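Reader: I would like a close look at one part of this model, the enclosed spaces inside it. Please take me through them slowly.

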Amino acid sequence: MRIAERIVERRGWIAVAWLVGAVLLLPRARSVEQVLDVSASVEGSESDAVKRLLEGPLRSQYAQFAVLVVGGVGSPARPAGAEVLRRITDRLADDPAISATFSWLDNQDTLFVAPSGRGTFIIAGLSASAGPPDRVVPRLRAATRELQRSLATAWPALTLRWTGEIPLNVDMRAASSADVAHAERRALPLTALLLFVAFGAIAAGLIPVVSGALAIALALGAAAVAARIWPLSILLQSVVTMLGLGLGIDYGLLMVSRFREARAGGQSPKDAAETAARHAGHTILLSAAAVAIGFVVLLTVPLNEIRAIAAGGLLVVLTSALVATTLLPGILAWLGAKVDWGRFRRRSMEQSTQRWRRLGELVTTHPWTALIAGIIPLALLATQSARLTIGLPRGDWLPLSLESTQALADLRTMGRSNIIQGVRIAVEFPTSTPIRRSAGWNALARFTDTLAADARVERVRSIIGVARAAGMGRTALAVLPDDATQGLVDSAGTRALIELFPAESLGAQQLVEFARQLRHDGPTLLGVEGARILVGGLPAFNADYSDAAAGRFPAVVGLVLAGTLMALFAGTRSVLIPLKAVALNLLSVAAAFGALTLVFQEGIGSQLFGIAEPLGAVFSTLPVIVFCIVFGLSMDYEVFLITRVLEARRSGLSDRRSIVEAVATTGHVITSAAGIMLVVFAAFTLGNFLFIKMLGFALAVAVLVDATIVRMVIGPALLQLAGRWNWWPGRRG
């Protein structure tokens, strides 16, 4: 008995197995947000090494920190401002999540005084034992809200808002989760409506929707289990939902379409289910393998967020394909004629098939005309991808509804927004030249003074500055108490920390370039043979993040291309068809990048997506993620078309008639599937999270051009022009 027959014959046992899996995983899917990580990291990076030094040998109480922005009060240099600041810091000192605080009360530096004379800020070190950030930040906010209420009588205009790298990460990931929920609510009704129209029946339209929803829930449940063993970013949730709504519904659509086609040919429900499982199941599994290749390759990128996206993508591809190929055939066999329940339109499939057959006839009759007419507009759009700039987008693109964003705006009003962009330089001296000796001390002093003289630096904090403020030199290391030197120099005197607070005028990308320059020039400026300089902090992290993503891009492209070629060769036994498919996929990807360049980077039509001005760049991780996902999704439609061409040829049709028949039978399915994905991806462009907005837009453009011009016009034209060479070296039969 073949696999398709076994699936249908044993559909009862298969349904029970899926029921058990649902009972085990669905409850975990509801709590997936609680186990997913909100922080970002670059494994083995220089910024990560600095962080480990601050948590280890340098023992800094500010290894992780947040900034509490105090607004609505006067300058801390005045008695009233100092009083409210003291009340706040006393309350923070009682919180076990906070290891230390640093403010005007500790160092009467004008850095803590806003030029306007209104407001100040407190740097709060976060205890390593406090727990994960997504639990610590809400607890701190609850405490400061209570404190604000208690101080409201004396200071009615007082505002207390948390910001910094950690609160921003927590808020952005929370915004991402909210966007996912909103996108689901937008996409599901429209998707169901599209399916009702496509099938002309309510039951047939509902089955793919339920299939996709089940695949998403099972994938999230499995991710919740995996996240307890392997830390996964909360971005996984967005990708699982986005792709699950697209792939899960598309695979269900293909299975239901093939079942109804077999039923229309006179087969019994059981035989029709076996036919659908055999033909559509093979197509779905080949398509899923092509999509999975990109996510497997993404696992090689050393960024926890990208690896979470890869893990989520693999899980949802697996669950979508398995639900469609094992559960749906049995359900369809049980339903039989009931699959057409709620039918409100007759002869829709026949009419649609005839329309697509006419297109197939037109393209295969005039292949050169179709090829040129299809390629020219896409090539023009694809050429814009050469101008794509990788980096941090400029402007105020963070959602204004977030507390951390509002606090950042308060800091900007004070002229102190770069407080959260501090650069941390860890200097490691050789044992022959420790800081406790004059040569090491003098080298560190010269290096500190050089940094302080840089126009890009607002303030420098180091052991040199602490010693000078106390009127001492190198003897300060032996005289000053531990709390004055902790985190600035280690006990052995071979490591020191220098903190730079950048000038307010520097933008995010300028800060990244500054961090890169410090890494390049730092050893020369220090001038100590054998010494090592490590640059950390948020700008350095952004540099590491960008370099990790961009540096892996060529390798990712190569691996995806090789894997796709091998998968298609195994499925088609052809050399030319995989090469053609890969070339067309590259065209779709380039068109998506070109549209991304024009809309988000250059600002043409960006107002439609809530972007007030050109962003000048796109996130460094976006190209590699878009490439892998688009390449897999584009292969979906290629597989749908080619498998029907092969089936037609095996039935005895000529090459041309096979192409026409494939276009006629798959055109309706491909455009319906693409319409569903387009709705899903477009729903994600309406959220507040810019990264997901860009991702949804790029995927929507890629699917639109791929399912229409590329697969329905350019692809069939190329197949017709290649003729019998399409199938070399395989047999024609």
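Author: What follows is an account of the cavities, and then of one pair of helices.

The model is a predicted one. A search of the whole structure turns up 5 cavities of 30 Å³ or more. The largest cavity has a volume of about 100 Å³, and the second largest cavity holds about 60 Å³ of space.

Which residues line the largest cavity? Its lining consists of Tyr62, Phe65, Phe102, Ile123, Ile419, Arg424, Arg461, Glu499 and Phe501. By class, 6 of these residues are nonpolar and 3 are charged, with no polar residue in the lining.

The second largest cavity is lined by Leu111, Gly415, Arg416, Asn418, Ile419, Glu458, Phe501, Pro502, Ala503 and Glu504. This lining divides into 5 nonpolar, 2 polar and 3 charged residues. Ile419 and Phe501 appear in the linings of both the largest cavity and the second largest cavity.

Now the helix pair. Helix H13 covers residues 367-383 and helix H24 covers residues 690-722; the two pack at an angle of about 145°, and their axes lie 9 Å apart. The crossing of H13 and H24 is left-handed. On the H13 side, the contact is made by Pro367, Trp368, Ala370, Leu371, Gly374, Ile375 and Leu378. These meet Val705, Ile709, Val710, Val713, Ile714, Ala717, Leu718, Gln720 and Leu721 in H24. Taken by class, the residues of this contact are 14 nonpolar and 2 polar, with no charged residue. The lining of the largest cavity, by contrast, includes 3 charged residues.

Terms used
Residues are numbered from 1 along each chain as its sequence is written. This is a predicted model: local features need pLDDT of at least 70, side-chain atom pairs count only at pLDDT 80 or more; totals for chains, interfaces and linings use all residues. Side-chain values use heavy atoms; hydrogens and water are left out. Axes are lines fitted to C-alpha atoms, for helices over the stretch in contact, and angles run from 0 to 180 degrees between N-to-C directions. Helices (H or I, at least four residues) and strands (E, at least two) are DSSP runs, numbered from the N terminus. A crossing is left-handed if the near helix is turned anticlockwise from the far one by less than a right angle, and right-handed if clockwise. Contact means heavy atoms within 4.5 Å. Ala, Val, Leu, Ile, Met, Phe, Trp, Tyr, Cys and Pro count as nonpolar, Asp, Glu, Lys and Arg as charged, and the others, Gly among them, as polar. On a 1 Å grid over the protein atoms alone, a cavity is a set of points where a 1.4 Å probe fits but cannot get out, and a pocket is an open set with protein on both sides within 12 Å along at least five of seven lines; lining residues have an atom within 4 Å of a point. Grid points are joined across faces, edges and corners, and a volume is the space filled by probe spheres set on the points.
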